[in-house]
Amino acid sequence: MERSNIAKWLFLGLAIILFIQFGKPLLFGESAEQFQPLDVNDSTAPAERTPAEACVIDGDRFKAELSTRGASVRHLWMTDPKYTTGNGERRPMDLVTTSLESRMPLRTDLRLPGGNTQQVPFDDLDWKLSAQDGKSCTFTYTDDTTKLTKVVAASGRPYELSLQVTVENVGQEPRKHRFAVEQTSWRTQKETEGHLGLLSEWITETVAATDQTTERQLPDAFEPKDFEDKEFTAERWRRTPGNARFAAVASSYFSKIAIPLEGPGQPVAETQIEEIWDTSKFQQKGNDPTFGHVYRARLAYPEHELAPGGAVTYKVLSFTGPKERDLLAAVDHGASEVINLGWFSPIAKLLVSYLYVLYGAVGSWGWAIVLLTITVRLLLFPLSIQQIKSAAAMRKLKPEMDEINARYKDDATQRGLAMQELWRKNKVANPVIGCFPMLLQMPVWFALYTALQTAVELYHTPFGPVIPDLSAPGKYFIIPIVLGASSFIQQKLMPPQGDPAQQKMMLYLMPGIFTAMMLFLPAGLGVYMLTNTWLGIGQQLLVERYLKARDERAAGIEVREIASAEPQSATKKTPGDDKSAPALGKGKARVRG
């Protein structure tokens, strides 16, 4: 396509984008914002509240604070030194981000969606702190018809809390309840936005895992019109088919998981993501700088009726902490599925498992990434060698290709045909075909990229003096600069393609893109990309040196004609000649090394 045509299409595309962005609202006005059919103030509570009391649990690698308001978690601090926050003084990171009582983690709900025989009168209850010992908190609630006991305790394993709720009917008539427990998180839109390929560490999703499937949802699955879909219940929760294995909210590195252990019937896994913004000040949610979402995932058991004097107990396991592979494997119940490895998860899981093996051998996540990249590059070398051979052959043809480019600089069609004929005569594969081995490698590269992007093991982990954190960009832009220079060298080694203008663009554009990307990407990915680039350069130089030496050996073979002074008849075989000695006629050549 000629450059004039390219400019024309670019101008047309830009005009369309500007019209959609600015012209359409001016002509038709801004469309009215649609609202979700949800009410963040949908819970009930006593008119007069008793003062809140706090209970603290010191667990393995965490500290939790619970409140008698709802007997739910108000704070959960990770006590590992690497999981800290703050620009100046570092402090333990708190994974509880919600503040509304009805949206707190491990809040338990016992009320049915409707009916007159409710076991409890309110959604948000004032509990009594009956006992605490630093490792567990026991909350009780009592009225004329109900006695509730809720025990939250450290399980003894990292970041785990066990939850046990006993419901007793002390009234004179049957009562019904529906037990539900949820995990929640609040994030603003700005917190979850990435920059130039860098995923935000706080991008969050809901995860509902059942015995049939695992569903992950982002806010775009809860647009106002989506609530009309069949997956949504009358309570506006999105229900995943099957019996629940767990329900969770998860960011890139951390997760809150609720796992059912015991209770009457099989619970379902449900999710909901609420849009929150100040509608009194902003007509459009995008205009509110504090616009964000409340991510909710819950286990909901079937409704249960208790006869007078009857009782039932529910048990749930909670994990609130980093998505470290070994920790999630210890939790079991499929909890490792909260790690989202994308389309190529089987390959990514294999790569991560091998990364753990390498880390165990060298004791450094940075060097483990280097060794992993070397291993992958060597395994894929059979696919790469054909591309390198093609590059070497193309380099030999550079003078002829330059001549064709000059001769047909104004005729792209004829230039392409001439190039095809040149490649055919010299038995050189079309560059498009030469890219096929690279395409076969793409799933591995994408899987490795995703694995490193979601590896909490790299979080706040240093590697050398210029990389204080493998999960964040390095210091002084050293990695982007070195990667850009390395990419420039690699482009210089690549065979020339296209006209000189295109060659020049690729020579400078690709290194520029890599440099710009690495300004924002995690340094762990930079280590991988830098190692991979250097290995690519090394492989290409070695293969081209081998091919050159092979060609020189082939050129050194001497081919000459043996002149014979004897008459032609003397060289012919006769019946009496030795049949084992082949005859060479006039003009035949003997090849000698």
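The torsion about the S-S bond that joins C55 and C137 is about -90 degrees, and the disulfide is therefore left-handed. C55 belongs to strand β1, which spans residues 54-59, while C137 belongs to strand β8, residues 136-142, so the bond ties together parts that are 82 residues apart in sequence. The model in which this bond appears is a predicted one, and in it the two sulfur atoms of C55 and C137 lie 1.9 Å apart. The structure holds 1 disulfide, and both of its cysteines, C55 and C137, are buried.

From this buried pair the reader may turn to the interior spaces, of which the structure holds 4 with a volume of 30 Å³ or more, counted as cavities. The largest cavity has a volume of about 110 Å³, and it is lined by 13 residues, of which S185, W202, S251, F254 and K256 are the closest to its centre. Three strands, β12 (180-188), β16 (244-250) and β17 (254-262), each supply at least two residues of this lining, and among the contributors β17 gives the most, with 3 residues.

On the surface, W343, F344 and F446 together make a nonpolar patch of about 420 Å². One of these residues, F446, lies in helix α10, which runs over residues 436-453. The relative accessibility of F446 is 44%, and because exposed residues are those over 50% and buried ones those under 20%, F446 counts as partly exposed at this value.

Technical notes:
Residues are numbered from 1 along each chain as its sequence is written. This is a predicted model: local features need pLDDT of at least 70, side-chain atom pairs count only at pLDDT 80 or more; totals for chains, interfaces and linings use all residues. Side-chain values use heavy atoms; hydrogens and water are left out. A disulfide is a pair of cysteine sulfur atoms within 2.5 Å. Helices (H or I, at least four residues) and strands (E, at least two) are DSSP runs, numbered from the N terminus. Buried means under 20% relative accessible area, exposed over 50%, partly exposed in between (1.4 Å probe, protein chains only). Patches are made of residues with over 30% relative accessible area and no salt bridge: like charges are joined within 9 Å, nonpolar side chains (Val, Leu, Ile, Met, Phe, Trp, Tyr) within 5 Å. Accessible areas come from the Shrake-Rupley method with a 1.4 Å probe; for residues, only the protein chains shown count as cover. A salt bridge is a side-chain nitrogen of Lys or Arg within 4 Å of a carboxyl oxygen of Asp or Glu. On a 1 Å grid over the protein atoms alone, a cavity is a set of points where a 1.4 Å probe fits but cannot get out, and a pocket is an open set with protein on both sides within 12 Å along at least five of seven lines; lining residues have an atom within 4 Å of a point. Grid points are joined across faces, edges and corners, and a volume is the space filled by probe spheres set on the points.
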